[in-house]
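Student: Hi! Could you walk me through the pockets, the cavity and the surface of this protein?
Tutor: Happy to; let's have it in front of us.

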Amino acid sequence: DDFIAVPDLKGRRLYNSPSYARLFGDIEAMKGADSFAEIHPDDREHLERIFKETVQSGIGHRTEFRFVLANGDIRYMESCGGLIKNSQGKASCVLVVSHDITARKQAEDEIHNLAFYDELTRLPNRRLLNDRLEHAMAASKRSGLYGALMFLDLDNFKPLNDKHGHDVGDLLLIEVAK
């Protein structure tokens with residue numbers, strides 16, 4: 001479902017589609033309220049800037065942001081806004097069409113975690129280690145400040161696995177990771 005909102009030029013709500021009721025309950029109570037009230041604090045300034053740019057330029061922008069629901073849940077949204085003009089060509093309000101992209105964001109996070117973190121220990125894997133090492137070495141070369149890398153080796157891990165099974169070996173790895 002699309003979420004359609006129409007705020008005035010100052011960002012006060014004139015209309016919210018019925019789909020907003022799934023997020024915020026009574027949409028009638030939202031009329032006249034600040035459109036940015038439920039925006040995640042870390043996203044609010046960015047979204048207010050984009051809104052003002054749309055009002056000033058008449059050009060809409062696609063952006064992503066987070067809503068904070070009353071129960072504390074976070075919903076990721078993708079929105080695009082556009083200026084609505086009256087019959088004299090003067091700006092009257094803004095039309096914002098949004099989509100809930102929370103499931104997509106969660107899938108992206110899961111893919112990222114699978115790609116860069118060990119599933120068992122939750123530690124960064126070799127791919128992420130190599131990436132970070134390359135960055136650290138490049139930064140060290142530029143700054144002339146150097147660091148050190150320490151490797152840990154578990155002696156006799158294979159015999160432990162062979163004698164007590166992989167589940168016990170996994171438990172040891174989890175503890176070492178902690």
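The chat below goes through the open pockets, the enclosed space and a surface patch of this predicted model.

Student: Let's start with the pockets. What's the volume of the largest pocket?
Tutor: The largest pocket comes out at about 640 Å³. It has 17 lining residues, and those closest to the centre are Thr 121, Leu 123, Pro 124, Phe 151 and Leu 152.

Student: Which elements give two or more residues to that lining?
Tutor: Those are helix 4, residues 126-143, and helix 6. Helix 6 gives the most, with 3 residues.

Student: And how does the lining of the largest pocket divide into nonpolar, polar and charged?
Tutor: You'll find 12 nonpolar residues there, along with 2 polar and 3 charged ones.

Student: OK, what about the second largest pocket, how much space lies in it?
Tutor: About 170 Å³. Its lining is made by Leu 133, Ala 136, Met 137, Ser 140, Tyr 146, Gly 147, Ala 148 and Leu 149.

Student: How many of those are charged?
Tutor: None of them: the lining of the second largest pocket has 6 nonpolar and 2 polar residues, and no charged ones.

Student: Changing topic: how many cavities of 30 Å³ or more are there?
Tutor: The count is 1 cavity, and about 330 Å³ of space lies in it.

Student: Which residues lie nearest the centre of that cavity?
Tutor: Phe 36, Leu 47, Phe 51, Phe 65 and Val 96, out of 24 lining residues. By class, the lining has 15 nonpolar, 8 polar and 1 charged.

Student: Which element supplies the largest share of the cavity lining?
Tutor: That's helix 2, with 4 residues. Several elements supply at least two residues each, including helix 2 (41-57), strand 1 (2-7), strand 3 (62-68) and strand 5 (91-100).

Student: Now the outside. Which residues make the nonpolar surface patch?
Tutor: Met 150, Leu 152, Leu 154, Leu 172 and Val 176 make a patch of about 490 Å². You met Leu 152 earlier, among the residues closest to the centre of the largest pocket.

Student: Where is Leu 172 placed?
Tutor: Leu 172 sits in helix 6, residues 166-177. Helix 6 is also the element that gives the most to the lining of the largest pocket.

Student: Why does Leu 172 count as partly exposed?
Tutor: Because its relative accessibility is 33%, and partly exposed covers the range between under 20%, which is buried, and over 50%, which is exposed.

Terms used: Residues numbered from 1 in each chain as written. Predicted model: local features only at pLDDT ≥ 70, side-chain atom pairs only at ≥ 80, totals over all residues. Heavy atoms only, no water. Patch = residues over 30% accessible without salt bridge, like charges linked within 9 Å, V, L, I, M, F, W, Y side chains within 5 Å. Areas by Shrake-Rupley, 256 points an atom, 1.4 Å probe, with all protein chains shown as cover. Salt bridge = Lys/Arg side-chain N within 4 Å of Asp/Glu carboxyl O. Buried < 20%, exposed > 50% of the residue type's maximum accessible area, 1.4 Å probe, protein only. 1 Å grid on protein atoms, 1.4 Å probe; cavity = no way out; pocket = protein on both sides within 12 Å on 5 of 7 lines; lining within 4 Å. Points joined across faces, edges and corners; volume = space filled by probe spheres on them. Nonpolar A, V, L, I, M, F, W, Y, C, P; charged D, E, K, R; others polar.
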